[in-house]
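Student: I should like to learn how to read a ligand site and a pair of aromatic rings. May we go through an example together?

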Amino acid sequence: MPIDATQPYDPNNVFAKILRGEIPCNKVFEDEWALAFHDIAPQAPVHVLVIPTGAYVSWDDFSARASAEEIAGFVRAVGHVAREQGLVEPGYRLLANLGADGGQEVPHLHVHLFGGAPLGRMIAR
Ligand code: AMP
């Protein structure tokens, strides 16, 4: 079920629980600003989620409220993970879903990092 991205942050969402270590994840990277782990239901040979360590519902919330340090740290982490996964030379796709029309299901900002094969059309028809 897509979420309403205008709601306040829910500290009991699944990615908040992963950040607190209450449920496991298949981690690929972690620093002060971001955590990256394999998506539990991969839609490409490489499908990694990168999330900020701060409590932000969506890209909208993050871009409006996060500090310059948090934004820089998060963006650098996404780039770092893509390089570490060997995706720069073959190419990759970033995706951030937001709210109902975007099909966002988890109310903690996450960027999907897809790669490992040609990814087809940008948007399904
Ligand atoms: P979105 O539709 O953009 O909100 O995507 C949510 C993503 O989170 C989906 O691709 C799910 O497969 C993924 N997901 C949900 N729960 C977990 C989990 N516990 N560990 C890893 N990925 C998850």
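Tutor: We shall consider the ligand and its surroundings, and then the aromatic rings. Please keep in mind that this is a predicted model.

Student: Where does the ligand sit?

Tutor: The ligand occupies the largest pocket. Two elements give two or more residues each to the shell around the ligand, namely helix 1 (14–19) and strand 2 (34–38). Helix 1 provides the largest share of that shell, 3 residues.

Student: Which residues come nearest to the ligand?

Tutor: There are 16 residues around the ligand, and those that come nearest are Asp39, Asn97, Glu105, His110 and His112. By character, the shell consists of 8 nonpolar, 6 polar and 2 charged residues.

Student: How should I read the polar contacts of the ligand?

Tutor: A polar contact is a pair of N or O atoms within 3.5 Å. Here, a backbone N or O atom of Glu105 is 2.6 Å from a ligand oxygen atom, and a backbone N or O atom of Val106 is 3.1 Å from a ligand oxygen atom. In the case of His110, an N or O atom of the side chain lies 2.8 Å from an oxygen atom of the ligand. The ligand taken alone exposes 510 Å², of which the protein buries 84%.

Student: How is a pair of aromatic rings described?

Tutor: One gives the distance of the centres and the angle of the planes. This structure contains 4 aromatic pairs. One of them, formed by Phe15 and Phe37, is edge-to-face, with 5.4 Å centre to centre and 75° between the planes. This pair links distant parts of the chain, as Phe15 belongs to helix 1 and Phe37 to strand 2, 22 residues apart.

Conventions
Residues are numbered from 1 along each chain as its sequence is written. This is a predicted model: local features need pLDDT of at least 70, side-chain atom pairs count only at pLDDT 80 or more; totals for chains, interfaces and linings use all residues. Side-chain values use heavy atoms; hydrogens and water are left out. A residue is near a molecule or strand if one of its heavy atoms lies within 4 Å of it. A polar contact is a pair of N or O atoms within 3.5 Å; within protein, one must be able to donate a hydrogen and the other to accept it, and residues adjacent in sequence count only if both atoms are side-chain atoms. Accessible areas come from the Shrake-Rupley method with a 1.4 Å probe; for residues, only the protein chains shown count as cover. On a 1 Å grid over the protein atoms alone, a cavity is a set of points where a 1.4 Å probe fits but cannot get out, and a pocket is an open set with protein on both sides within 12 Å along at least five of seven lines; lining residues have an atom within 4 Å of a point. A molecule sits in a cavity or pocket if more than half of its atoms lie within 2 Å of its grid points. Helices (H or I, at least four residues) and strands (E, at least two) are DSSP runs, numbered from the N terminus. Ala, Val, Leu, Ile, Met, Phe, Trp, Tyr, Cys and Pro count as nonpolar, Asp, Glu, Lys and Arg as charged, and the others, Gly among them, as polar. Rings of Phe, Tyr and Trp (its six-membered ring) pair if their centres lie within 6.5 Å; planes under 30 degrees apart count as stacked, over 60 as edge-to-face and the rest as tilted.
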